[in-house]
Amino acid sequence: MLTQEVSATEDPTLYLKLAFTATFFAGLFQASLGLLRLGFVIDFLSKATLVGFTAGAAVVVSLQQLKGLLGIVTFTTKMEIVPVISSVFHSRDEVSHQNQKPIIQNLLLFLIGLLMSMKNPKLFWVSAAAPLTSVIAATLASFMFSSKLHGVKIIGHLPKGLNPPSMDMLLFSSSHLAVAIKTGIVTGILSLTEGIAVGTTFASLANYPVDGNKEMMAIGAMNMVGSCTSCYVTTGSFSRSAVNYNAGAKTAVSNTVMAAAVLVTLLFLMPLFHYTPEVILAAIIITAVIGLVDYRAAGRLWKVDKLDFAACLCSFVGVVFVSVPVGLSVAVGVSMFKVLLHVTRPNAVVLGNLPGTQIYQSVQRYGEAERVASFLIVAVESPIYFANSTYLKEREEEELIEANKETAGLKYVVVDMTAVSAIDTSGIELLCEVRKTLEGRSLQLVLANPGGTVMEKLHLSKSLQLFGSNGLFISVGEAVAHISSLSKAHREVI
C-alpha cells in the first residue's frame, strides 16, 4: 500500500517514516477498539470470508516470491496476480536457470517436513528445523562455490546490531499522512484478525478463555511501542504458536527465550547471512503460506452453505485480482450482506403435528408431520423488525393460499413465536394488520409462546387486548388443543 505512493528505493527515508507512522496508527486503532469494547467489529469477518481472504493473501504473498525464486531484477511492485504474471512474462530473459535445482530441492524438503509434522505432531521439530537447516546448508554452499554460482542472487551485506529508536521518524503533519493512516487501519485490521484467530484457536485446544478486547489492547500497545523502535505492524503467528503449543510451552517464557536468540543473532550473527541465497528465503515463505490455503474448508462450505462459499470466493477473488484492501472490503461487505439477508428474509416454516405427540415440527423437514385440519401453523424463526415485516406479510399471504388448497375449512392461523427473540413497532404493527386482515376473511390469528421481551412490548403497545383470551397461548400444542375443544363444544351445542 505504501509503495503506491512512495518508492522504497528512490526515497527510503520517507518510506521508513511512513511505515513506522502506519504502524503507530495501526496500534492506536487496535487499542482503541479494545478500550471502547468494540471487539464485535471483527465478528463481521466470518469464517467463510476469512478462509477466502487468507487463501487469497497466501497466493499474493507467494506470487511476490517469484522475484527471488526466478532471480528477476526488474519486478512489479503491485500485488495483484495479473501485473505479477505480466511482469514475469516480460522479464523472462532475466530468469536464472541456476535457481531451478535449489528451488525444487528446498520446496520438497520443506513440504516433506510439513507433511511429517501434520501426520505426527511429535515430529513438529522436523518442519521447524527444515528452514534453518536449509538456510545454513545453502549459505555454506553459496560461500564455498560463490565463484561458480554467478546467476544466484544472495542477500549481501547485513548490518549487525539493534535497530535504532524511531520515535523521531513518526510523521503527524505530512502530505502523506492520509496514506499512513489508511495503511495503518487496513493492516491493523488484518493483524488483529489473525492475532485473535490464533488466540481463539489455541484457547479452544487448551480449554482456556480469551478476552477479545484485552487481545486488541495488547496487540495495539505492542504495535504503538514497536513503531517507536523501528518495527512494522505485527501480530501473533500461527506457525510459531503451533510450534510452541506442540513443544509443550505453557507461558511467555518460551517467547523470552526466542527473543534472546533473536537478540544474539542481531548483535553477533548477522554477517553470517551475507551469502544466503534469496531463492532459499523465497522457498521458505512460499512453504509457510501454503498451509494458509484451506481447500478442505472451502469444500465444506460448498457442501453445507452455498452462500458462505460465495462469500469465500468473493473475498479470494477480491484479494488476488484487485487488491488486499479491496479484498478486505469485499469480505466485510459480503458478511454484512449475509447478515442483512437473514434479517430481511427470515425463515418462516409451516408446522405439522407428529402423530401421537403434542410436538409440532416443519412439514418440509419431517415427512411424518401432518397438517392439522382447520389450522395453519407458521413458525417465524427470527426477530420481527421493520426490515422484514413486509416480507413476512407476503409470506403469510402465500401460506394462506397454499393452506386453503391443502387444509379443508381453514379457520385459525397460529403463529409460533418461540424463536422470535425481539420485535419492534413495525413488527407489532404487522401483527395487528395481519389480525385485522384475517378477521376480514373470517379467520382468527393466534399467538403461541412469545418470549419475555416480545410480551413486554406487546403489553406496552396494548396490542394484547386485541387478541383476547383465546388469542394467546404458551405453546402450539396448547393452542391447538384448546381451540379444538372449544370448537367441538360449540358444534355440540348447535
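**Exercise 1. Determine how far strand β3 is enclosed, and where its side chains point.**

Solution. Strand β3 comprises residues 375–380, and 6 of the 6 are buried, so the strand is largely enclosed by the rest of the structure. The model under study is a predicted one.

The next step is to separate the two directions of the side chains. In a regular strand, side chains alternate between the two faces of the sheet. In β3, F375, I377 and A379 point one way, while L376, V378 and V380 point the other way. The residues of both sets are buried.

**Exercise 2. Identify the partners of β3 and the register at V378.**

Solution. Sheet strands pair through backbone hydrogen bonds, in either a parallel or an antiparallel sense.

Step 1. Strand β1, residues 348–353, is joined to β3 by 3 bridges, and the two run antiparallel. In this pairing V350 stands opposite V378.

Step 2. β3 and β4 are paired over 5 bridges in the parallel sense. Here V378 stands opposite V415 of β4.

Step 3. Taken together, V378 faces V350 of β1 and V415 of β4.

**Exercise 3. Place β3 within the complete sheet and find the edge strands.**

Solution. The sheet is open, has 6 strands and mixed pairing, and follows the order β2-β1-β3-β4-β5-β6. β2 (360–362) and β6 (472–473) stand at the edges with a single partner strand each, so one side of each has no neighbour in the sheet.

At the β6 edge, strand β5 (residues 444–448) runs parallel to β6 and is joined to it by 2 bridges. One residue pair can be named: L447 has L472 in β6 as its bridge partner.

A helix also belongs to this part of the picture. Helix α16, residues 425–440, lies across β4 (412–416) and β5, and runs at about 145° to β5.

**Exercise 4. Characterise S442 and S230, and state which is buried and which is exposed.**

Solution. Begin with the backbone. S442 is not a glycine, yet has a positive phi of about 65°. S230 is likewise a residue other than glycine with a positive phi, near 65°.

Next, locate each residue. S442 lies in the loop between α16 and β5. S230 is found in the loop between α8 (212–227) and α9 (238–247).

Finally, apply the accessibility cut-offs. S442 counts as exposed because its relative accessibility is 65%, over the 50% limit. S230 counts as buried because its relative accessibility is 15%, under the 20% limit.

**Exercise 5. Describe the surroundings of S461 and T183.**

Solution. S461 lies in the loop between α17 (452–460) and α18 (464–467). With a relative accessible area of 33%, S461 is partly exposed. A polar atom of its side chain lies 3.0 Å from the backbone oxygen of L458. S461 is also 9.6 Å from E429, C-alpha to C-alpha, with their positions 32 residues apart in sequence.

T183 belongs to helix α7, residues 177–206. The relative accessible area of T183 is 6%, and the residue is buried. Leaving aside residues up to four places away in sequence, T183 touches M1, L2, A22 and G188.

**Exercise 6. Explain why C231 and C314 form no disulfide.**

Solution. A search of the whole structure finds 0 disulfides. The criterion is a pair of cysteine sulfur atoms within 2.5 Å.

For C231, the closest cysteine sulfur is that of C228, at 9.7 Å, which is too far for a bond. For C314, the closest is that of C312, at 9.3 Å, again too far for a bond. C231 is partly exposed at 33% relative accessibility, and C314 is partly exposed at 36%.

**Exercise 7. Compare the annotated transmembrane regions with the model.**

Solution. The unreviewed UniProt entry annotates as "transmembrane region" residues 14–36, 48–66, 72–90, 124–145, 252–273, 279–297 and 309–337. Two of these spans may be examined in the model. Residues 14–36 are 96% helix and 0% strand, with end C-alpha atoms 32 Å apart. Residues 48–66 are 95% helix and 0% strand, with end C-alpha atoms 28 Å apart.

Notes. Residues are numbered from 1 along each chain as its sequence is written. This is a predicted model: local features need pLDDT of at least 70, side-chain atom pairs count only at pLDDT 80 or more; totals for chains, interfaces and linings use all residues. Side-chain values use heavy atoms; hydrogens and water are left out. UniProt positions are given in the numbering used here, feature names are shortened, and annotations may be inferred rather than shown by experiment. Helices (H or I, at least four residues) and strands (E, at least two) are DSSP runs, numbered from the N terminus. Two strands pair if DSSP finds at least two bridges between them. Contact means heavy atoms within 4.5 Å. Axes are lines fitted to C-alpha atoms, for helices over the stretch in contact, and angles run from 0 to 180 degrees between N-to-C directions. Buried means under 20% relative accessible area, exposed over 50%, partly exposed in between (1.4 Å probe, protein chains only). A polar contact is a pair of N or O atoms within 3.5 Å; within protein, one must be able to donate a hydrogen and the other to accept it, and residues adjacent in sequence count only if both atoms are side-chain atoms.
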